[in-house]
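User: Please take me through this model's empty spaces, its cysteines and one of its helices, and say what each label rests on.

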Amino acid sequence: MIGWKKSEPVIQVERASRYFGGDCVLKEAELTLYGGQVCGIVGNNGSGKTVLMKCICGFLPVTSGTIRVQGKNIGKEVDFPESLGAIIESPGFLMELTGFRNLEILASMNCRITPAQIRLVMKKVGLDPDMKKPVAKYSLGMRQRLGIAQAIMEEPELLVLDEPFNGLDKHGVEDMRKILLELKSQGKTILLASHNEEDIRILCDRVFEMDGGILKEREAAKL
């Protein structure tokens, strides 16, 4: 897929709200993200960041409003965005299998990449594709690296990453920042949630703050 034009919106969130019973966890959110931009969302746990990301990815329907990704209405024209890589909460894997086998199974759904390419992306995130250890015995940081490998392995044009650095040590965070900066230089569009202001400062062109389900863009001077 050719990179999305910078003059065209990749994500358009228009007055999107999400209720769980009588509780409104996302309140008429507005967000437009253009091709090649890296946008950060900051906020406390329970502020609504993950709910917004799940709605953008098609994992949750909005109660009202609309979300368009790459020009298509999520939940009406398509169930899930095309050319999307995502980490939402803790990456889910088949725990009894190796990391390589997990990625091989996921890749078989779209048949876009080869086993050789899976090996390369595992090495890129600092994992050994030949390691026989099952994912159940991975450390939290290793599972997070595997999640990042899963998100980027098919070279999607859009990445939605919810706290992608969780569980990584200092060197792991530095390695993953380099990977995301490389993807940014390639013109990928990235929506990133992180508690770490340093991640936001280094990686993001724009920053939104989420509080009580309300999304507001931070002034450029405060980035």
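**Cavities, pockets and burial**

Analyst: V38, L180, L181, K184, I190, L192 and L203 line the largest cavity, to which two or more residues each are given by α5 (170–185) and β8 (189–193). This is a predicted model, in which local features need pLDDT of at least 70 and side-chain atom pairs pLDDT 80 or more, while totals for chains, interfaces and linings use all residues. Residues are numbered from 1 along each chain as its sequence is written, and side-chain values use heavy atoms, without hydrogens and water.

User: What makes the space lined by V38 and L180 a cavity?

Analyst: On a 1 Å grid over the protein atoms alone, a 1.4 Å probe fits at a cavity's points but cannot get out, whereas a pocket is an open set with protein on both sides within 12 Å along at least five of seven lines; lining residues have an atom within 4 Å of a point. Two cavities of 30 Å³ or more are held by the structure, and the largest has a volume of about 40 Å³, volume being the space filled by probe spheres set on the points, joined across faces, edges and corners. Its lining has six nonpolar residues, no polar ones and one charged (Ala, Val, Leu, Ile, Met, Phe, Trp, Tyr, Cys and Pro are nonpolar, Asp, Glu, Lys and Arg charged, the others, Gly among them, polar).

User: What lines the second largest cavity?

Analyst: I148, A151, I152, L161, P164, F165, M176 and L180 do, which by class makes eight nonpolar, no polar and no charged residues. Helix α4 gives the most, with three residues, and the space amounts to about 30 Å³.

User: Which residues lie nearest the centre of the largest pocket, and how many line it?

Analyst: L84, G85, N110, Q150 and E154 lie nearest the centre, out of a lining of 26 residues; two or more each come from β6 (84–87) and α4 (140–152). The volume of this pocket is about 780 Å³, and its lining divides into 16 nonpolar, five polar and five charged residues. The second largest pocket holds about 360 Å³, and ten polar residues stand in its lining beside five nonpolar and five charged ones.

User: Why is N102 called buried?

Analyst: The relative accessible area of N102 is 4%, and therefore N102 is buried (under 20% is buried, over 50% exposed, in between partly exposed, with a 1.4 Å probe and protein chains only). N102 lies in helix α2 (residues 99–107), and it touches F93, L94, L97 and V135, leaving aside residues up to four places away in sequence (contact means heavy atoms within 4.5 Å).

User: How do you know that the buried residues of α2 are on the same side?

Analyst: The buried residues of α2 are G99, F100, N102, L103 and A107. They cover an arc of only 160° around the axis, which means that they sit on the same side of α2, the arc being that of directions from the helix axis to the C-beta atoms. These buried residues pack against α3 (115–124) and α4.

User: Why does C204 form no disulfide with C39?

Analyst: The closest cysteine sulfur to that of C204 is in C39, 6.8 Å away, which is too far for a bond, because a disulfide needs cysteine sulfur atoms within 2.5 Å. By this rule the count of disulfides is zero.

User: Are C204 and C111 buried or exposed?

Analyst: C204, at 11% relative accessibility, counts as buried, whereas C111, with a relative accessible area of 65%, is exposed.

Terms used. Helices (H or I, at least four residues) and strands (E, at least two) are DSSP runs, numbered from the N terminus.
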